[in-house]
Structures are given as structure tokens and as C-alpha cells.
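Got your viewer open? Here is a short tour of what to select next and what you will find there.

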Amino acid sequence: MTSTADETGDVFRHEGRNAAIVVCWFLGLGSLVAWNSMLTIGDYYYSLFPNYHPSRVLTLVYQPFAVGTMILLAYNEAKIDTRKRNLIGYTLFFTSTMLLIVVDLVTSGKGGLGPYLGICVLVGAFGLADALVQGGMVGDMAFMLPEFMQSFFAGLAASGVLTSGLRLVTRAAFDKTNHVLFLAISASFEFICILLYAFIFPKLPIVKHFRSKAASQGSKTVKSDLAAAGVETQEGQVDEVRKTNKQLLVENLDYAIGLYLIYILTLSIFPGFLYENTGKHQYPLVLMAMYNLLDFISRYTPLVKCLNIKSRKGLMVAILARFLFIPAFYFTAKYGDQGWMILLTSLLGLTNGHLTVCVLTAAPKGYKGPEQNALGNILVVFLLGGIFSGVSADWLWLIGNSSF
């Protein structure tokens, strides 16, 4: 078994490393698969609720719960038990998905305001679960290997590929039965994530190493996970020079703003614009599939050293350059052909995933465990804030649209 020195010089064994990477991938998949299912089967909701702009409205309902909860969690992250936080989040994902199935079965797949409001409530629960899980997992992995963070975010993107692939297979006749099938598959993955996080992940030797190290540096968030792994911890001395959340934000403001800008741009186009504003290019399923596929692939490109953007200035330049997508999509929808629209959507996904991983794997380096956990939560606040702003800005595409 090989050993490696981490960035602080501590030597650790790689035992359980590959297993941890796989588990992180599934934990990422399970934390977004239900929501991606709802986005991917948006045409089903448009058939049930044609006057309610479901793709835009449901996304807009999701985000205030995610952002508001994440801000509170980030502010109090040092006092929150990460194990309870993540398990509650995955359980909430699973429960909400099962209730969506119940709503569909009880209403017999019919539209109307009542079922729509019920779906909106459950979507709000998804937002709450997202804040619990994504902030908890990113904070936890921020003091572990960068490969764990990369694998988790690859799993997030894989959920989009999975749902898009299933949707393309069933596109000929998508009905209530297929809708329930999608949600049942999502619930299965979410249940698997509960088991993986509760019984497998905390017991992996490499995970125990990093959590024990964080505990020795004063972290209280890992105590329950270490106890679940059979590791006894002593009350460590709280690091007197631990940086405050404000100091961490100031030192990493460019990373935080970068994440915000990545997602405000992406969500101002995906998925609402692709469903409602692609002009003569009425093939949202293909566009969604291409975005999800390239977003997934790009989560692995930072593993290639020559493609991993480590320069902070270089990252910001690349992030700002993405805003050229706005005029590009506008003119392509009006004047371009299908090939150009598919190319643009693919590039949107490619740059989204690549830059996200570059930022989140670079930012935590050089800090101690408790600081890395705090910084991970802060960055997720800005990521979710960018998503919220993006889905709000997405409505601007409807200005001048006579069908609004």
C-alpha cells in the first residue's frame, strides 16, 4: 500500500482511496438525481401545466430554500454535526421523491393548480435537502483529497446524464408510468446514498485519517462520523489562529465571485431558455442531453494537469469570457441552424463543469481542516446564490415574448 504526504507534510496511506472516490461519485449522483429528473422530464410538466412555465417556476421555487438554508448553515457550520446534516439531507431527498410519486398516483397524472402547488412544496423540500447535503459534503471533502471533491461533482453531473439518457429512450411516449419510473429510480439512488454515507464512507481508512486530522485541529463537525467509524476522539484544543469566516471570504473573494458568475450565467440559459426560447430549434431533450453529457465529461478534464487552470487570474478571465454565451445564444436562436445551437449548448456544459471543479479543488489548499470546512460551505453559498440569480435572470428572456 503506497503512502503520500499531504499538503501539510503529514504522511498517510492510500488505503480506501479508490473506494472513497467511487462512494463520493454516488453521493454526488444521489444528491441531484431527483431534481435532474424533474428538469429532464420538463416536457411532461409542460403537458400537465402548460400555462404555469413549470421549468422556470419550479427552478425558482427550489432556489430560495436552498440559498436561505445554506446561508444559515454556513454561518453556523462550526457547530453543526456533519453526519446528522448529511443523513437528514439524503433522507429528505428520498422522502420528497417518494411523495412526488404519491402526488402523481393520487391525482392520476392530471394537471390543475392543486397538484402544481403540491409539487412546488416538494420542490422546496428538495432545495432544503440540497443545502444540507451539498454544503455538508463540500465542507467535509474540502479537507480531504481534491479527487474526492472532483468525484462528488462528477456524480452531480452524472445524474443529468442518467436522466437525459433515460428520457431520450422514452421520448416516443412519455406518460405517467414513465414519470413514476423516473422518480422511482431517483428514490432508489437516494436510498443507496443513505446507506453509503451511514455505513461505508466513514469507515474507509483514508476518510478516517482526514477526519481524525481535522478533529486534532479543533474541528467539532466530524465527531459523530468518527464515532460511527469506531474512532475515539479527545477534546482538541480549538486553534487560536483559526481564521474567521469573514477572513476566509476576503481571502477567497475571487473564487466565491467566480462560482457565482459561473452559475448565474449557466442557469440564465439552462434549462428555461432551452425549453422556451430556442426559436425554431424545438428539440429541448437533445439540447438538455448534450449539456448534461459535456458537463459530466468536463468534471474529469481538470484531472489532466495541463488543462487544470490553477491561476486565479486565469480562472476569472475564463469565467468572464463565458458571458459571450448570452449574445451567442440569442442570435443563434434567431438566425442559426440546429448544429450551432447544439454546439453552443455543449460548450456551455463543458465550461460549466470544468471551471466549477477547478475553483472548488484549488480554493481550500493551504488551510487547516476547520478552515477548509468553513470555506467549503462559504463557496457553496455563492454557488447556490449564482443558481438563484441565474434562474431569476432567465425570466428576462421572456421580455417581448407574446406567449408569456
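A word on classes before the first stop: Ala, Val, Leu, Ile, Met, Phe, Trp, Tyr, Cys and Pro count as nonpolar, Asp, Glu, Lys and Arg as charged, and the others, Gly among them, as polar. This is a predicted model, where local features need pLDDT of at least 70, side-chain atom pairs count only at pLDDT 80 or more, and totals for chains, interfaces and linings use all residues. Numbering runs from 1 along each chain as its sequence is written, and side-chain values use heavy atoms, with hydrogens and water left out.

Start with a cartoon of the whole chain: you should find 18 helices and 2 strands (DSSP runs, H or I of at least four residues for helices, E of at least two for strands, numbered from the N terminus).

Next, select Leu 27, Phe 152 and Phe 201. Within the 111 residues of the largest nonpolar core, these three touch the most other members. Such a core is a set of buried (under 20% relative accessible area, 1.4 Å probe, protein chains only) Ala, Val, Leu, Ile, Met, Phe, Trp, Tyr and Cys residues joined through side-chain atoms within 4.5 Å. Now colour α6, which gives this core its largest share, 13 residues.

Stay on Phe 152 and show its neighbours. Leaving aside residues up to four places away in sequence, Phe 152 touches Cys 24, Trp 25, Leu 27, Gly 28, Ser 31, Tyr 90, Met 137, Val 138 and Met 141 (heavy atoms within 4.5 Å).

Then pick Val 33, Ala 158, Phe 189 and Phe 296, which are among the 6 residues of a second, separate core.

Last stop: the lining of the largest cavity, with 15 nonpolar, 7 polar and 3 charged residues. A cavity is a set of points on a 1 Å grid over the protein atoms alone where a 1.4 Å probe fits but cannot get out, and lining residues have an atom within 4 Å of a point. Select Leu 32, Asn 36, Tyr 263, Leu 267 and Ile 387, the closest of the lining residues to its centre.

Definitions and conventions: On a 1 Å grid over the protein atoms alone, a cavity is a set of points where a 1.4 Å probe fits but cannot get out, and a pocket is an open set with protein on both sides within 12 Å along at least five of seven lines; lining residues have an atom within 4 Å of a point. Buried means under 20% relative accessible area, exposed over 50%, partly exposed in between (1.4 Å probe, protein chains only).
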